[in-house]
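Here are a few exercises to work through with the sequence and the model open side by side. Try each task on your own before reading its solution.

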Amino acid sequence: MLGPVLLAASHSDRLRRVVAAAPVTRPVVNRFVAGDALHPAMDTVRALTAGGLDVTLDHLGEDVTDKATAHATRDAYLRLLETLRDEKLGPRAEVSVKLSAFGQSLPDGGHDIALEGVRQVAELATEIGTTVTLDMEDHTTVDSTLAVLRELRLAHPRTGAVLQSYLFRTEDDARALAVDGSRVRLVKGAYKEPASVAYQDKREVDKAYVRALRILFQGDGYPMVGSHDPRMIAIAQELAARNHRAPGSYEFQMLYGIRTAEQRRLADEGERMRIYVPYGADWYGYFMRRLAERPANLAFFLRSFVPGR
């Protein structure tokens, strides 16, 4: 019941200030966010890749309101990729971007501003032997994001996309993207969406996830299974076997700090396991979505507001 409330709260500046000041916030945030800056995050990347895990890095930020901030986001990703190049981590680390952080929602030419910024990131990613995945945000951004994907794939065909199973349109989008060279991360979805465009019942979201997963594994693309759900992981492995897919022709992805033992188990079994590693000072929206997903984390966080605790 609290999930929709927390998702709505992720857009509240007032609550952002309260949460940031809470004494327990930093320890909880540190479970999910690999530091406020690039260099602490790179310590996490080195540890994960040394342990046989791949990573995708997200410089946190979204919904920027001016060109200067959009350009700053682009520059942060360019510095990240330069660091990956210097440490020869291109083959093990890709980057994930939210186009709203590149200016997608700016009222005057936001789509083109975001496209030009992420194009520069994709060019450097290709140069160092890695790639970019376009994170999906709320349903109003899907058409613009997929249009950016189509444009980027002309010169950078390994550019990836994210689909969210709770949207009614996702099965059609999965069919369109289940083609040779296409990389698609399938997730359930973590934004508050209206009943007119998205399933509201968790069981329906799960069923839709399986249907989209089946489409991706039967297609010619590269499925990326973004889930911590043991049932979905087992179904994905069954689909891989049924469609004669060897490990390395698909991968699993999980969030940094969540189900680490399962991450290790899959990697030890020979599966390709990629960890989504977010970092940066603008952590609030990401943090609130993680609280909405995991009641145990919410309970731990709320105890900080009880006197004497």
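## Exercise 1: A loop with two neighbours

Leu89 sits in the loop between α5 and β2. Keep in mind that this is a predicted model.

**Task.** Decide whether Leu89 is buried or exposed, and find which residues it contacts beyond its sequence neighbours.

**Solution.**
- Start with accessibility: Leu89 has a relative accessibility of 10%, and because buried means under 20%, Leu89 counts as buried.
- Next, set aside neighbours within four places in sequence; the contacts of Leu89 are then Met42, Val45, Thr49 and Leu84.
- Finally, take one of these partners: Val45 is 44 residues away along the chain, yet its C-alpha atom is 9.1 Å from that of Leu89.

Now turn to Lys88, which lies in the loop between α5 and β2.

**Task.** Determine the sign of phi at Lys88 and say whether Lys88 is buried or exposed.

**Solution.**
- Most residues other than glycine have a negative phi.
- Lys88 is not a glycine, but its phi is positive, at about 55 degrees.
- With a relative accessibility of 70%, Lys88 counts as exposed.
- Arg259 also has a positive phi, near 55 degrees, without being a glycine. Arg259 belongs to the loop between β7 (251–255) and α11 (260–268), and its relative accessible area of 30% makes it partly exposed.

## Exercise 2: Two helix pairs

**Task.** Work out how α5 and helix α6 (residues 110–127) are arranged, and which residues of the two helices meet.

**Solution.**
- Two packed helices are described by the angle between their axes and the distance between the axes.
- For α5 and α6, the axes come within 9 Å and cross at roughly 5 degrees.
- Angles under 35 degrees count as roughly parallel, and α5 and α6 are therefore roughly parallel to each other.
- On the α5 side, the contact uses Lys67, Arg74, Tyr77, Leu78, Leu81, Glu82 and Arg85; on the α6 side it uses Ile113, Gly117, Gln120, Val121, Leu124, Ala125 and Glu127.
- Sorted by type, the residues of this α5 and α6 contact are seven nonpolar, two polar and five charged.
- Take a second look at Arg74, a residue of helix α5 (residues 67–86). Arg74 is buried, with a relative accessible area of 17%. Beyond neighbours within four places in sequence, Arg74 contacts Phe102, Gly117, Gln120 and Val121.

**Task.** Do the same for helix α8 (residues 170–177) and helix α9 (residues 202–218).

**Solution.**
- The axes of α8 and α9 are 9 Å apart, and the packing angle is about 10 degrees.
- That angle makes α8 roughly parallel to α9.
- Helix α8 contributes Thr170, Glu171, Ala174 and Arg175, while α9 contributes Arg211, Ala212, Ile215 and Leu216.
- The contact of α8 with α9 consists of four nonpolar, one polar and three charged residues.
- The buried residues of α9 pack against α8, and also against β5 (183–187), β6 (222–226) and α10 (230–242). Among these buried residues are Val205, Tyr209, Leu213 and Phe217.

## Exercise 3: Into the core

**Task.** How many residues does the largest nonpolar core have, and which have the most contacts inside it?

**Solution.**
- In soluble globular proteins, nonpolar side chains tend to be buried together.
- Here the largest nonpolar core has 76 residues, and Leu84, Val118, Val132 and Leu134 have the most contacts inside it.
- The largest share of this core comes from α9, with eight residues.
- A second, separate core has 14 residues, including Tyr276, Tyr284, Met288 and Leu291.
- Zoom in on Val118: leaving out residues up to four places away in sequence, Val118 touches Val97, Leu99, Phe102, Val132, Leu134, Val148 and Leu152.

**Task.** Where is Val95, and which residues does it touch?

**Solution.**
- Val95 is in strand β2 (residues 93–98).
- Its relative accessible area is 0%, so Val95 is buried.
- Not counting residues up to four places away in sequence, the residues that Val95 touches include Leu57, Tyr77, Leu84, Val121 and Val132.

## Exercise 4: The whole chain

**Task.** What percentage of the residues of the protein count as buried?

**Solution.**
- The protein has 13 helices and eight strands.
- Of its 309 residues, 55% count as buried.
- Among contacts with a separation of 6 or more, 73% join residues 24 or more positions apart.

Methods. Residues are numbered from 1 along each chain as its sequence is written. This is a predicted model: local features need pLDDT of at least 70, side-chain atom pairs count only at pLDDT 80 or more; totals for chains, interfaces and linings use all residues. Side-chain values use heavy atoms; hydrogens and water are left out. Axes are lines fitted to C-alpha atoms, for helices over the stretch in contact, and angles run from 0 to 180 degrees between N-to-C directions. Helices (H or I, at least four residues) and strands (E, at least two) are DSSP runs, numbered from the N terminus. Angles under 35 degrees count as roughly parallel, over 145 as roughly antiparallel, 65 to 115 as roughly perpendicular and the rest as oblique. Contact means heavy atoms within 4.5 Å. Ala, Val, Leu, Ile, Met, Phe, Trp, Tyr, Cys and Pro count as nonpolar, Asp, Glu, Lys and Arg as charged, and the others, Gly among them, as polar. A nonpolar core is a set of buried Ala, Val, Leu, Ile, Met, Phe, Trp, Tyr and Cys residues joined through side-chain atoms within 4.5 Å. Buried means under 20% relative accessible area, exposed over 50%, partly exposed in between (1.4 Å probe, protein chains only).
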